[in-house]
Amino acid sequence: MTNPSEPSETEQSNSAAAESPARTPAADLPVVAVVGDGQLARMMAPAASELGQSLRVLAGKPDSSAAQVTSDVYIGDYRNLDDLRAVAAGADAVTFDHEHVPLEHLRTLQAEGVNIQPGPAALENAQDKLVMRRNLDSLGVPVPAFAPITDSESARAFWEEHDGKVCLKACRGGYDGKGVWFPESIAHLEALVDELLAEDVELLAETKVDFVSELSAMVARAPSGQLQTWPVVESVQAGGVCAEAVAPAPGLPESLRSEAEQLAVTVAEQLDVTGVLAVELFHYVDESGTDRLSVNELAMRPHNTGHWSQDGCVTSQFEQHLRAVLDYPLGSADATAPVTVMANVLGGEADPEMPMRERVRAVWQRFPQAKVHLYGKDYRPGRKMGHVNMSGGADAAEVRRQAALAANFVVNARWDDGYTG
């Protein structure tokens, strides 16, 4: 599933123009304005500093994840046109850490001369799943069978046509397992549809894919057309949330790896995506026994499945995104280790008494090679609070084991293998 950083944690329905900070960037530094204040914007900050850029953030509140580490912060609402204008003023490019900004506002800013990357025409495909499905299908990109659902009759027809293999989705707003339903019966489907349509939720239905694995193919594209792909990774989901990403995807046939990379390039070029694009894919086997790929979701920004690139790649997704939106030459995306595994730190059922800093120290004591990235977020069950990157030799299973142990200790202050050292 698509995993954006959470949209502004304090949503202000009646925002005034964004408050301008006292500090202004040095006159000779290019300014990239990021709409959104989550962990993705936070992790762009060190990359911007190393590139000689100044990062500006539109945040919902002063202590949000990105605002904690960025000095050029505007407090406002990403749904308010005046706030967007304020943060965009004087910026060399405006980009995003989530896809929920109203397209009509972005079109207005674009008409006023603001450099929006990616542009609203591309971003619509990440905002509206039905638009995305239709556009990909018209390009010949493989997608599950789908149909808009406007009433219980159209839902019943889709169920019957596809033998009950149905996934119901909200066209807009769903992420991390939200806005996705797997009805257990036709009666359950019809009840869901009636309930959701009554709440003005636009819906589509797709065939449920019996997949072998979930993959992520990522590419960066600059406005001039430069392209750079990363190794295809396997993602492992838990409750609709990405729990782990393994780079490169273990056991993936070369033909599928190449096809996945080419699909990402095709989508980026044909939809005119700029910056980082993540194409989430299902790998499945068809009735003839042939390995196939099908596009599940698109994300037009740095993505959870690309976090491994911070410590396992020559150019991280965050640096590459900032290079791309300013049309800088793109960096090498070669891996720096045979295997790198990213394990998410998701808030557990309870917050341990051991302070977070002590948990991180304990992980480093046992695994000095572990790279722990925290997002500055308070505890909440299931919340993305950080991730652990672990690189190693060709034994992917061992690297995965170590990464999972480290991430679990950061969550629960407990070694799952009984380690007491």
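User: What percentage of the accessible surface of the chain belongs to carbon and sulfur atoms?

Analyst: This is a predicted model, in which local features need pLDDT of at least 70, side-chain atom pairs count only at pLDDT 80 or more, and totals for chains, interfaces and linings use all residues. Residues are numbered from 1 along each chain as its sequence is written, while side-chain values use heavy atoms and leave out hydrogens and water. The accessible surface of the chain comes to about 17,000 Å², by the Shrake-Rupley method with a 1.4 Å probe, where for residues only the protein chains shown count as cover. The part that belongs to carbon and sulfur atoms is 47%.

User: What radius of gyration does the chain have?

Analyst: The C-alpha trace spans about 60 × 60 × 40 Å along its principal axes. For a compact globule of 421 residues, a radius of gyration near 22 Å would be expected, the rule being 2.2 Å times the number of residues to the power 0.38, with the radius taken over C-alpha atoms. The chain agrees with this, at 21 Å.

User: How many strands are in the chain?

Analyst: Helices (H or I, at least four residues) and strands (E, at least two) are DSSP runs numbered from the N terminus. By this count the chain has 12 helices, and its number of strands is 17.

User: Which strands stand at the edges of the sheet with the order β3-β2-β1-β4?

Analyst: This open sheet of four strands has parallel pairing, where two strands pair if DSSP finds at least two bridges between them. Within the sheet, β1 (residues 31-35) and β4 are joined by four bridges, and V32 stands opposite A93 in β4. The strands that pair on one side only are β3 (72-75) and β4.

User: Which helix packs on this parallel sheet, touching β1, β2 and β4?

Analyst: Contact means heavy atoms within 4.5 Å, and angles, from 0 to 180 degrees, are taken between N-to-C directions of axes fitted to C-alpha atoms, for helices over the stretch in contact. The helix in question spans residues 39-51, and its direction makes about 165° with that of β2 (54-59). It is α1.

User: Why is one side of β5 and of β7 left without a neighbour in the sheet?

Analyst: The strands lie in an open sheet of four with antiparallel pairing, in the order β5-β8-β6-β7. Because β5 (146-149) and β7 (180-181) stand at the edges, one side of each is free of neighbours, each having a single partner strand.

User: Which residue of β7 is the bridge partner of K169?

Analyst: Strand β6 (residues 166-170) pairs with β7 in the antiparallel sense over two bridges. Helix α7 (residues 186-198) packs on this sheet, its direction making about 5° with that of β6. For K169, the bridge partner in β7 is V180.

User: Is helix α4 largely enclosed or open, and how many of its eight residues are buried?

Analyst: Buried means under 20% relative accessible area, exposed over 50%, and partly exposed in between, with a 1.4 Å probe and protein chains only. The buried residues of α4 (120-127) include P120, L123 and Q127, and they pack against β4 (93-96), α3 (103-111), α5 (129-138) and β14 (291-299). The helix is therefore largely enclosed by the rest of the structure, the number of buried residues being six.

User: Which residue of the hairpin of β13 and β14 takes a positive phi?

Analyst: Strand β13 (residues 275-285) and β14 pair in the antiparallel sense over eight bridges, and F282 has S294 as its bridge partner. Five residues lie between the two strands, and a positive phi near 85° is taken there by G289.

User: How far apart in sequence are the parts tied together by E244 and R400?

Analyst: These residues form a salt bridge with the closest N and O atoms 2.6 Å apart, the term meaning a side-chain nitrogen of Lys or Arg within 4 Å of a carboxyl oxygen of Asp or Glu. E244 is buried at 11% relative accessible area, whereas R400 is partly exposed at 23%. With E244 in β12 (241-247) and R400 in α12 (396-412), the separation is 156 residues.

User: Where does E112, the partner of R85, lie?

Analyst: The side chains of R85 and E112 meet in a salt bridge at 2.7 Å, N to O. R85, in helix α2 (residues 81-88), is 27 residues from E112. E112 lies in the loop between α3 and α4.
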